[in-house]
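Hi,

Here is the structure I promised to pass on. Have a look at it first, and then read on for my notes.

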Amino acid sequence: MDDVEVPAFQRARRPEHRELRRQEILDAAESLLAEMPAEEISLRELGRRLGVSKTHVVRYFESREGVFLGLLNRLRSSWLDALGEEWPTPPCEPDQVMRAWAGSLASRPILCQLWSLLPSVLERNVSAETVRVYKFTDLEHRTRLAKLVRDRVPALTADDALTLTEYAVVSLVGLWPFSNPTPTVVEATADPRLAGSRVDFATMYGEILQTTLAGLLTRA
């Protein structure tokens, strides 16, 4: 295979060139998500960031939501690759592992934002085949995560470790928006009497994971 570079966003015909184009689109989406909420990003905005029309983006992803699903998969894979370094090495206390899990996600706000939008935004305006591909990738990633947990909490069964990853996703979907409120909510809860309504993601998510793990271990 030669190394001839394809001009910027000329229609890619080789598989390796198509993949390069897809990654460039995901790079642009990630860059935009660092600057603005996902709901403010359109295909036209993605195209502007890349210097092309939105038609060029649609050649590689069927919709804005398809782009976000692809980016979610990429960011989650990178997170899993890093967990071996970020999580405590065995032997370790189960609660320590859950706190490390929460902390590692808290340090990746773009991943958390996309994950939290999965059922309400990302799985809409995409084809059944796109969702099916995503679900298989999600299962693969959660299976990797479950193994990492079991390496550190061997008392957890394989089935319960996978169940823990399911509960963890559902919890993140609900918790992330509460811990990242709108400016109006921030202003309202500045009242000291409403201090209890403020949510710190890493702290509460760690507590949710610890409680869920304890329940699963008791059941086992």
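How many salt bridges does the structure hold? The count comes to 16. Before the details, please keep in mind that this is a predicted model.

Let me start with the charged pairs. As a general point, side chains of opposite charge can pair when their charged atoms come close. One of the pairs here is R64 with E65, where the closest N and O atoms sit 3.0 Å apart. Both partners are out of the solvent by the usual count: R64 is buried, and E65 is buried too.

Next, have a look at D138 and R76, whose side chains meet in a salt bridge at 3.5 Å, N to O. This one links distant parts of the chain, with D138 in helix α8 (residues 128–152) and R76 in helix α4, 62 residues apart. Are these two buried or exposed? D138 has a relative accessible area of 11%, and because buried means under 20%, it falls in that class. R76 counts as buried as well, at 1% relative accessibility.

Then there is E86, which forms a salt bridge with R108, and here the closest N and O atoms are 2.6 Å apart. E86 belongs to helix α4, while R108 sits in the loop between α5 and α6 (109–116), so the pair ties together parts that are 22 residues apart in sequence. E86 has a relative accessible area of 36%, so it is partly exposed, which is the class between the 20% and 50% cut-offs. There is also a small network to click through: D27, E30 and R74 are joined by salt bridges that share partners.

On to the rings. Searching the whole structure turns up four aromatic pairs. Among them is W87 with W101, a tilted pair at 5.8 Å centre to centre, with 40 degrees between the planes. It links distant parts of the chain: W87 is in the loop between α4 (64–86) and α5 (94–106), W101 is in helix α5, and they are 14 residues apart. Both W87 and W101 are buried.

Another is W176 with F201, and this pair is edge-to-face, at 4.9 Å centre to centre and 80 degrees between the planes. Why does that pair tie together parts of the chain that are 25 residues apart in sequence? Because W176 lies in helix α9 (residues 158–179) and F201 in helix α11 (residues 201–219). Both W176 and F201 are buried. If you colour by residue type, add Y205 to the selection, since W176, F201 and Y205 form one aromatic cluster.

Finally, two backbone details that you may want to look at yourself. P90 and P91 are joined by a cis peptide bond, with omega at about -5 degrees. P91 is found in the loop between α4 and α5, and W87 is placed in the loop between α4 and α5 too. The other detail is N125, a residue other than glycine with a positive phi, near 60 degrees. Where does N125 lie? N125 is in the loop between α7 (118–122) and α8. At 57% relative accessibility, N125 counts as exposed, because the cut-off for that class is over 50%.

That covers my notes.

Cheers

Terms used: Residues numbered from 1 in each chain as written. Predicted model: local features only at pLDDT ≥ 70, side-chain atom pairs only at ≥ 80, totals over all residues. Heavy atoms only, no water. Phe/Tyr/Trp six-rings, centres within 6.5 Å; stacked < 30°, edge-to-face > 60°. Helix = DSSP H or I, 4+ residues; strand = E, 2+ residues; numbered from the N terminus. Buried < 20%, exposed > 50% of the residue type's maximum accessible area, 1.4 Å probe, protein only. Salt bridge = Lys/Arg side-chain N within 4 Å of Asp/Glu carboxyl O.
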